Amino acid sequence: MRLGYSATLQRAGGFAGLALAIIFFVGSAALACPICGVPTITLSERLARADVALLVEWVSAQPAKDKAAESTTYEVVQVHRDGTGKYKVGESVTVGQLTAGKAGNLFLLMGQKDDKLGIKWEIGPALPVTETSYQYIIQAPSPEAPAEKRLAYFTRFLEFPDVRIANDAFAQFVNAPTKDIASVAGKLPREKIRNWLADPKTPVTRQSGYGLMLGLCGGPDDARFLERLFVDIDSERQTGIEGVMFGYLLLAGEQGLAGLEKAYLANSQAPEGVSYSAYLATRYFWYYGNGKISRPRLQAAIRRLLEQPTFSDSAIITLAEWKDWSLHDWLMRLYDSKSEVEGSTKKAIIKYMIASTRDVAKDVTEIPAHVVAGRKCLDELRQRDPKLVAETEKFFFLN
């Protein structure tokens, strides 16, 4: 069969959009947006790893039977990449894996050169494609391309009618560091993002990413729009609300933080899930905010969580990471309080003290006051809970 350029893809070229999906620790995922979703391996990454990439048409499949292994036979329609030089259009190729299909179905068959097997095909069924999705994959910039060029391409395919394309385009943004997403802020389709956030049909897993994106490209009206999303939150759409809150903080600054603080961070009656989202949004702003909120103000907001037992551990560790050394006396009083203090909270307090003793610049000639205070507190805690302090010191780490 002859494969022409898809008219559908040509029309898609006029779309403006952006995408974020879900990533944490796959390959370079440690650099990805922590609040946008779960890491995935994208289609362009799969293609980049392949020494052989063939567009094929399904011919037949043979399940495993007796001593015969399962297999699938295809006809080569187009050779996109062939590091072996052995594949030709119109020839048959049989692989030792079962892929269900019927005559006319298209697949992208990808594999790597192998000394023993010749080609080691991807594990599992071949990737089903249409002419449109095939063109989308092969025309995508490589993962090594500059972020602005690469993400600008995938912006055009957010919420694309082909679900596989839409999911992959969003995943490209989830896998990207926040600074890379910011580099294409001027290309984000503000009105479309608002519509997607307002549409209950938009997957809730994309809410955090789209909230972040609107914060990057929006204005005052968008801040009010984002605020309504979490103030009037639907219980079924709480997933990813931290991204909406983060986008709101990007636009509303300290005034917005004051609102989050009053409604959630300092409100023990607020729903725990929404309060935790407010904590995540505030924490994320410390690392990836736009400077509208000062760091001392962010520290003050997190301190409001210290008196909430559910969040005190997280708040203590976060403030230690942020080197807020104003809490030694307060934490010691908490440690000694008559109210029941969880073991995890005691460990968090000990970690705070350890961290404060280690925060010393190399060129200082005088021991900082926070180091002196931390050492004094640690000595006291060793006398009270020697085993707990020793255990915490042995396994101490701070992100």
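In this predicted model, E159 counts as partly exposed, its relative accessibility being 24%. The loop between α4 and α5 (163-174) holds E159, and the phi of E159 is near 55 degrees, a positive value in a residue other than glycine. A positive phi, of about 50 degrees, is also found at D66, which is not a glycine either. D66 belongs to the loop between β1 (52-62) and β2 (71-82), and with a relative accessibility of 78% D66 counts as exposed.

Confidence across the model was considered next. For the protein chain the mean pLDDT is 89, and 91% of the residues reach 70 or more. Over residues 1-30, however, pLDDT stays under 50, although the model has 105 contacts beyond four places in sequence for this stretch. Where pLDDT is low, the predicted coordinates should not be read in detail.

The packing of nonpolar residues can be described through two cores. The largest nonpolar core has 98 residues, and Y136, I193 and M353 are those with the most contacts inside it. Helix α10 (residues 241-265) supplies the largest share of this core, namely 12 residues. A second, separate core comprises 14 residues, among them V56, W58, Y74 and A126. In soluble globular proteins, nonpolar side chains tend to be buried together. When residues up to four places away in sequence are not counted, I193 touches L188, Y210, M213, L214 and C217.

Aromatic residues form a further set of links, with 20 aromatic pairs in the structure. In one of these pairs, the ring centres of Y136 and F154 are 6.0 Å apart and the ring planes stand at 70 degrees, so the arrangement is edge-to-face. Because Y136 lies in helix α3 (residues 131-139) and F154 in helix α4 (residues 147-155), this pair ties together parts that are 18 residues apart in sequence. Both Y136 and F154 are buried, and Y136, one of the residues with the most contacts inside the largest nonpolar core, also belongs to a cluster in which ring pairs link Y136, Y153, F154, F157 and F160. Charged side chains are likewise placed over aromatic rings: R194 lies over the face of F225, at 4.4 Å from the ring centre, while the charged end of R206 sits over the ring of F170, 5.5 Å from its centre.

Two further positions in helices were examined individually. T345, in helix α15 (residues 343-358), has a relative accessible area of 6% and is therefore buried. The side chains of T345 and D313 are joined by a polar contact of 2.5 Å, and D313 is also among the residues in contact with T345 once neighbours within four places in sequence are left aside, the others being S312, I316 and L334. A182, by contrast, counts as partly exposed, because its relative accessibility is 35%, and its place is in helix α6 (residues 178-182). Between A182 and A147 there are 10 Å in space, C-alpha to C-alpha, whereas in sequence these two residues are 35 residues apart.

Technical notes. Residues are numbered from 1 along each chain as its sequence is written. This is a predicted model: local features need pLDDT of at least 70, side-chain atom pairs count only at pLDDT 80 or more; totals for chains, interfaces and linings use all residues. Side-chain values use heavy atoms; hydrogens and water are left out. Helices (H or I, at least four residues) and strands (E, at least two) are DSSP runs, numbered from the N terminus. Buried means under 20% relative accessible area, exposed over 50%, partly exposed in between (1.4 Å probe, protein chains only). A nonpolar core is a set of buried Ala, Val, Leu, Ile, Met, Phe, Trp, Tyr and Cys residues joined through side-chain atoms within 4.5 Å. Contact means heavy atoms within 4.5 Å. pLDDT is the predictor's confidence in each residue, from 0 to 100. Rings of Phe, Tyr and Trp (its six-membered ring) pair if their centres lie within 6.5 Å; planes under 30 degrees apart count as stacked, over 60 as edge-to-face and the rest as tilted. A charge sits over a ring if NZ of Lys or CZ of Arg is within 6 Å of the ring centre and within 35 degrees of the ring normal. A polar contact is a pair of N or O atoms within 3.5 Å; within protein, one must be able to donate a hydrogen and the other to accept it, and residues adjacent in sequence count only if both atoms are side-chain atoms.
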